Amino acid sequence: MLDAEALDRYFTAQVVGVAIAVEMGPSDGIRREPAQGMRLHLLGGHAELLGEAARSLISPTSTAAWAGQPRSELSLARARRRLLAGGSLLFLVAWSAALWWLFRRFGT
Amino acid sequence: MDTLVIDPVKMNIVNRVAAETTLSGAFHFQGGLLLQGSLNGEGEIAGRLVVWHDAKLVGRFRVLGDLYLLGRLGDTADAIDESTVIECQGTAYVASTGVSCGTLIAARLRMYDGAVLQGPFRTLRGEQSLPVLSPT
């Protein structure tokens, strides 16, 4: 049976090309943020960046997670490191808490 | 330095005008377009438009998605090209290599350091814009 969607994907990849990364230019330092509501805006942007970092960790190709949205790779790598460090810390705390509970429950 | 990942399959960019190719006339592209050559005339791109380095877009076009400008809008070298009007219903990203000599109308604009905007820019008023209160 003919899978039209797979055929479309195949021809798109063959004719238009495969995923490619292009540099848009420097953006850090040229952003102008309004003073009012800046904190909320930055928090939103930070959460979005962390979400993309998380998606890029589980994505088969790390760049596919933010296709179409220009991103600073430096910021994304930093967010990914923070996410991994935070996750590891959370895991250690949970593991310690579980061990502590087990020793209290079944210990002498 | 910001990096844009262009994934044609994920971004539904199903059309391509190759480098060294010139098309003139009226066009309606169903889906996104990767423009690497020259496109003159008028029409609509029902998707995202990527104007590649050394590519040129001249005329009146409506883009129903985001516009990524790494090449040139308009036919003139430095002056304003009155005949080029590009309406983008999404975000217009103008890269550091991008040059716009025509009129650019977009819902949102994001420019990178080094981008050239010779022609005018107007904000597209969408349904989400705040209503204007009547003076009476």
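Me: Among contacts in chain B between residues at least 6 apart in sequence, what share joins residues at least 24 apart?
Reply: In this predicted model, 25% of those chain B contacts link residues at least 24 apart.

Me: And which secondary structure does chain B have, how many helices and strands?
Reply: Chain B has 0 helices and 14 strands. Its pattern along the sequence is accordingly written β-β-β-β-β-β-β-β-β-β-β-β-β-β.

Me: Why does the radius of gyration of chain B agree with a compact globule?
Reply: A compact globule of 136 residues would have a radius of gyration near 14 Å, and chain B has 15 Å, so the two agree. The C-alpha atoms of chain B occupy a box of roughly 55 × 35 × 35 Å along the principal axes.

Me: What percentage of chain B counts as buried?
Reply: Of its 136 residues, 49% are classed as buried.

Me: Turning to the contact, how many residues does each chain give?
Reply: Chain A contributes 25 residues and chain B contributes 25 residues. On the side of chain A that touches chain B, α1 (4-16), β1 (20-25) and β2 (71-72) of chain A each supply at least two residues. β1(A) gives the most, with 6 residues.

Me: What is the division into nonpolar, polar and charged on that side of chain A?
Reply: The side of chain A that touches chain B has 14 nonpolar, 7 polar and 4 charged residues.

Me: Do tell me about β1(A): which strand of chain B is joined to it, and by how many bridges?
Reply: β1(A) is joined by 5 bridges to strand β1 (residues 2-6) of chain B, and the two run antiparallel.

Me: Which residue in β1(B) is the bridge partner of Gly25(A)?
Reply: Asp2(B) is the bridge partner of Gly25(A).

Technical notes
Residues are numbered from 1 along each chain as its sequence is written. Chains are lettered from A and ligands numbered from 1 in the order in which they are written. This is a predicted model: local features need pLDDT of at least 70, side-chain atom pairs count only at pLDDT 80 or more; totals for chains, interfaces and linings use all residues. Two residues are in contact if their C-beta atoms, placed from the backbone, lie within 7 Å. Helices (H or I, at least four residues) and strands (E, at least two) are DSSP runs, numbered from the N terminus. Ala, Val, Leu, Ile, Met, Phe, Trp, Tyr, Cys and Pro count as nonpolar, Asp, Glu, Lys and Arg as charged, and the others, Gly among them, as polar. Two strands pair if DSSP finds at least two bridges between them. The radius of gyration is taken over C-alpha atoms; the globule rule is 2.2 Å times the number of residues to the power 0.38. A residue is buried if 20 or more other C-beta atoms lie within 10 Å of its own, exposed if 12 or fewer, and partly exposed in between; C-beta atoms are placed from the backbone.
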